[in-house]
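User: I'm new to reading protein structures and would like to go through this one with you. Could we take it one question at a time?

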Amino acid sequence: MAIEKPDVLFKNISHRPPQGDWMDVQSKIKPGRYCYAGDPEALEYVGLPNPRKWNPLDDDWKLPENWQEIVIGGLKERLDRFRSFKIFMDVCVRCGACADKCHFFIGSGDPKNMPVLRAELLRSIYRGEITKAGKILGRFAGGRKLTEEVLKEIWYYYYQCTECRRCSVFCPYGIDQAEITIIGRELLNLIGLNIDWIAKPVANCYRTGNHLGIQPHAFKDMIDFFCDDIEEVCGIRPEPTFNKVGADILFVTPSGDVFADPGTYTCMGYLMLFHYLKEEYGLDVTWSTYASEGGNFGFFTSHEMMKRLNAKMYMEAKRLGVKWILGGECGHMWRVIHQYMDTMNGPADFLETPVSPITGTKFQSAASTKMVHIVEFTADLIKNGKLNLDKSRNANIKATFHDSCNTSRGMGFFEEPRYIIKNVLDNFYEMPEGTTKEQTFCCGGGSGLNAGENEEIRMMGGLPRANAVKFVHDRHDVNMLSCICAIDRATLTQSVNYWVPGVEVCGLHELVGNALVLPGESERETDLRAEPLPGKEEE
Amino acid sequence: MKAIYSMFLVFALILLAMIGAGAMGMEYLFGVIIPYLAVVVFIVGFAAKVVGWGKAAVPFNITTTCGQGKSLPWIKENKIENPSSTGGVIARMFFEIFLFRSLFRNSKVELHDGQRVAYSSSKWLWLFAILFHYTFLVIFLRHMRFFTEPVPFPFEMLDKMDSMLQIGAPALYLSSVVAIAALSYLLLRRLFVPSVRYISQPADYFPLFLILSVLVSGIMMRYFVKTDIMAVKELTMGLVTFRPVVPEGVGSIFYVHLFLVSVLLFYFPMSKLMHMGGVFLSPTRNMPANTREVRHVNPWNYPVKVHTYEAYEDEFREKMVEADLPVVKPLEETVENAENKE
């Protein structure tokens with residue numbers, strides 16, 4: 001489906017809700033705003049319920065006969081299992097502070113994309129089916145029954161939430177729509193309502209270790225291919241190791257870095273850094289083909305699925321006997337590592353508290369999880385003067401930095417990436433206040449929504465981010481949007497190209513790779529993208 | 001419509017008290033039985049709700065981080081917005097509960113010509129919300145003079161300060177005026193801001209009208225429909241000392257006021273007003289963001305089915321060997337094993 005031109009799309013946004021009661025306004029599922037249904041084969045492979053072929057545009061979603069019982073039972077169970085969910089169902093006062101904080105609402109104007117109303121879709125069921133007041137007073141108490149129409153609406157809008165948590169920053173009670181969406185999707189998955197852009201990667205990650213289902217030999221081929229490219233740029237070929245028992249550190253990154261431009265350049269940056277550290281300081285980092293996916297599509301399915309996929313990291317670290325784990329640039333991967341992994345699959349007592357063997361820095365903040373973010377690792381190297389960096393190679397780049405939702409609102413990871421940027425290039429500009437750090441905007445494709453068929457809603461959701469980029473592009477000629485998330489790199493490339501042509505997207509370690517002077521390298525003519533370096537444009 | 005329903009419901013409640021306690025002479029019911037019941041329902045209901053929340057597990061640490069986290073020693077952490085210690089959490093909760101920190105962040109988005117999305121600070125909601133909550137607290141506290149004898153000094157002081165402008169006789173309470181103004185703002189906002197109107201339910205209008213009518217009936221009693229204040233105190237003291245009496249000459253306006261307060265107490269535990277208790281327990285705010293440093297335990301963590309390395313290697317061994325990837329079991333061995341089995 002062709003999408004409108006940016007100016008038309010922008011002009012058509014209205015934040016004025018329709019007349020009448022939202023409970024009476026039945027939402028129609030619109031092409032461009034939903035993702036295709038999960039492939040039954042993928043569901044079967046990992047044992048998810050109700051695998052079948054179905055189409056969200058059809059009337060019949062082929063639900064199990066007792067679907068209401070399953071959903072309401074699941075809802076009750078989760079009210080006991082998650083205090084967060086129970087409180088979030090009870091205490092919202094509908095003050096509306098969250099309403100215009102959601103990128104999907106800002107860009108689409110669809111009132112059910114106001115976080116408060118997206119939550120009310122489920123809350124109304126909680127009241128109408130579970131609480132006494134709601135059962136007796138019905139709509140006067142904001143309750144309603146779980147009908148098929150209501151269910152379809154929940155599916156539609158819970159896959160129009162990227163779990164970015166921006167609303168939770170503004171909520172006076174800390175109500176986190178991401179948490180409600182996560183549990184809402186868990187309920188939907190109980191009766192086989194999901195999307196293929198999540199279901200297939202889940203099955204692929206489970207089987208092969210990466211979201212595209214690339215098998216081990218092909219995974220290695222991809223990395224080899226990057227090594228060839230690096231050799232072409234600087235005359236030095238990194239020699240990464242795979243599945244190496246007894247290595248110092250296991251490195252895990254989202255598979256997007258291995259398979260999708262422009263993440264691939266970030267991946268080259270990692271390879272160059274590891275090569276440098278091996279040559280200069282003897283650091284032994286290994287990659288795993290088995291635990292080759294840092295991203296966790298299980299997180300977008302259910303807590304259980306998240307745990308099943310995440311388990312590989314610790315299992316592989318144990319098998320290889322490494323000291324600790326290093327993680328690549330990724331958003332939700334880090335939300336899972338930071339807030340879930342140790343709880344779900346720990347304690348990782350077979351690993352050591354991470355210490356950088358090069359600087360001696362002990363990563364106390366990762367003492368229990370035993371996993372360090374490559375950005376803090378590199379920042380520490382730079383701070384201690386361990387890297388030979390040549391900023392001038394990035395002189396053509398005027399960069400801004402996009403804080404990824406998960407590392408921002410799930411970790412508070414703000415200064416580490418900025419420190420690296422400022423040390424690898426000179427032209428750095430911040431986007432306007434209110435769009436960065438804890439108030440950063442989602443790329444529009446997080447939480448498994450970066451599909452092709454939902455392009456319209458992705459561009460709508462991408463508007464606030466892209467618009468802030470446009471601001472620094474217009475004012476300072478910014479031409480590079482740097483970020484530390486694989487989904488960002490994929491999604492923003494499209495949405496920035498749509499809203500602000502002329503700006504490219506990169507990962508932080510691509511910039512590091514450009515600036516890093518490898519021992520014995522030949523004079524570089526191009527950067528990692530094979531673009532001529534500053535001063536080498538002519539000839 | 002939803003607002004009108006709610007308003008009529010409050011009118012009906014007022015009428016009920018007027019007829020019941022006034023015309024029908026059921027002062028004991030409205031002055032003693034209903035208030036006692038209301039307090040019991042409030043306390044039991046509130047406690048039950050909080051205990052219910054408390055019983056629910058906290059499986060994961062899902063702090064929303066709103067500042068720089070604890071990291072390398074040379075990076076300055078924001079100890080309040082992203083607390084890594086209990087002290088930080090307490091400070092964060094203090095700002096949240098007493099100053100409405102998160103609401104203070106509120107901003108407004110506007111779309112402008114030339115494809116420009118603009119954000120501006122929007123503190124009105126914060127201002128009127130905090131004004132309402134604090135003045136309501138003051139009103140609650142200065143009512144304590146009806147339930148204590150002799151009246152402790154702090155309550156006396158509060159009463160004096162609240163009426164220090166000395167407007168009219170009896171002196172006008174500032175808190176009442178501000179509370180009504182703030183509530184009116186919150187109500188008008190619901191009625192006239194289209195998006196807020198769209199999300200509003202009867203359960204949002206009803207408490208607004210109810211509290212407004214509590215305030216108005218209180219003010220009426222003080223300034224317009226004179227009530228025998230000594231008789232009222234006799235009744236309220238009777239209630240707190242569990243020796244209930246219904247003195248003569250307490251006007252029906254007092255019973256209306258008391259009945260509306262009772263309804264508020266009845267309604268409280270089953271409504272969104274429970275945000276008063278919930279704000280203390282919200283896991284995104286009251287947990288330290290130290291999950292990588294200190295392991296959080298999930299009480300219902302259960303084993304799950306995983307794809308082991310062994311199963312993975314079994315499936316891909318041949319291709320791995322071909323690509324020079326190390327394997328645990330050599331290829332020949334597995335072939336032999338397979339043959340032996342046959």
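User: How much space lies in the largest cavity?

Analyst: Keep in mind that this is a predicted model, so every value here is computed from it. The search comes to 9 cavities of 30 Å³ or more. For the largest cavity, the space inside is about 160 Å³.

User: Which element gives the most to the lining of the largest cavity?

Analyst: Start with the wall itself: the largest cavity is lined by 19 residues, and Cys92(A), Cys98(A), Val116(A), Cys171(A) and Ile175(A) are the ones nearest its centre. The elements giving two or more residues to that lining are α6 (115-129) and α10 (177-190) of chain A. By class, the lining has 14 nonpolar, 2 polar and 3 charged residues. The top contribution is 4 residues, and it comes from α6(A).

User: Now the pockets. Which element supplies the largest share of the lining of the second largest pocket?

Analyst: The second largest pocket has a volume of about 940 Å³. Its lining takes in elements of chain A, including α4 (83-90) and α7 (132-137), together with elements of chain B, including α1 (2-23) and α9 (202-223). The largest share is 5 residues, and the element supplying it is α2(B).

User: Which residues lie nearest the centre of the second largest pocket?

Analyst: By class, the lining of this pocket splits into 23 nonpolar, 6 polar and 8 charged residues. It is made by 37 residues, and those nearest the centre come from chain A and chain B: Thr131(A), Ala133(A), Lys49(B), Met270(B) and Ser271(B).

User: Let's look at where the chains meet. How much area do chain B and chain A bury between them?

Analyst: On the contact side, 96 residues of chain B touch 120 residues of chain A. Of the area buried between the two chains, 59% is on carbon and sulfur atoms. The total comes to about 9100 Å².

User: Which three residues supply more of the area that chain B buries against chain A than any other three?

Analyst: Here we look at chain B's own part of the buried area against chain A. The top trio supplies 12% of it. Those residues are Gln115(B), Tyr198(B) and Arg292(B).

User: How many salt bridges are there between chain B and chain A?

Analyst: One salt bridge across the two chains pairs the side chains of Asp204(B) and Arg94(A), at 2.7 Å from N to O. There are also 70 residue pairs in polar contact between the chains. The salt bridge count between chain B and chain A is 6.

User: Which helix gives the most to the side of chain B that touches chain A?

Analyst: That side of chain B divides into 46 nonpolar, 31 polar and 19 charged residues. The top helix gives 6 residues and spans residues 309-322, and its name is α13 of chain B.

User: How far apart in sequence are the parts that Arg185(A) and Glu163(A) tie together?

Analyst: Over all chains, the structure has 55 salt bridges. In the one between Arg185(A) and Glu163(A), the closest N and O atoms are 3.5 Å apart. Arg185(A) lies in helix α10 of chain A and Glu163(A) in the loop between α8 (148-158) and α9 (166-170) of chain A, so the parts they tie together are 22 residues apart in sequence.

User: What is omega for the cis peptide bond that joins Asp261(A) and Pro262(A)?

Analyst: First, the place: Pro262(A) is in the loop between α13 (256-259) and α14 (263-281) of chain A. The bond joining Asp261(A) and Pro262(A) is cis, with omega about 0°.

User: Chain B has a cis bond from Glu149(B) to Pro150(B), so to speak; what is omega there?

Analyst: Pro150(B) sits in the loop between α5 (124-142) and α6 (153-162) of chain B. The peptide bond from Glu149(B) to Pro150(B) is cis, and omega is near -5°.

Technical notes:
Residues are numbered from 1 along each chain as its sequence is written. Chains are lettered from A and ligands numbered from 1 in the order in which they are written. This is a predicted model: local features need pLDDT of at least 70, side-chain atom pairs count only at pLDDT 80 or more; totals for chains, interfaces and linings use all residues. Side-chain values use heavy atoms; hydrogens and water are left out. Contact means heavy atoms within 4.5 Å. Buried area is the accessible area (1.4 Å probe) that two parts lose on being put together, summed over both. A salt bridge is a side-chain nitrogen of Lys or Arg within 4 Å of a carboxyl oxygen of Asp or Glu. A polar contact is a pair of N or O atoms within 3.5 Å; within protein, one must be able to donate a hydrogen and the other to accept it, and residues adjacent in sequence count only if both atoms are side-chain atoms. Ala, Val, Leu, Ile, Met, Phe, Trp, Tyr, Cys and Pro count as nonpolar, Asp, Glu, Lys and Arg as charged, and the others, Gly among them, as polar. On a 1 Å grid over the protein atoms alone, a cavity is a set of points where a 1.4 Å probe fits but cannot get out, and a pocket is an open set with protein on both sides within 12 Å along at least five of seven lines; lining residues have an atom within 4 Å of a point. Grid points are joined across faces, edges and corners, and a volume is the space filled by probe spheres set on the points.
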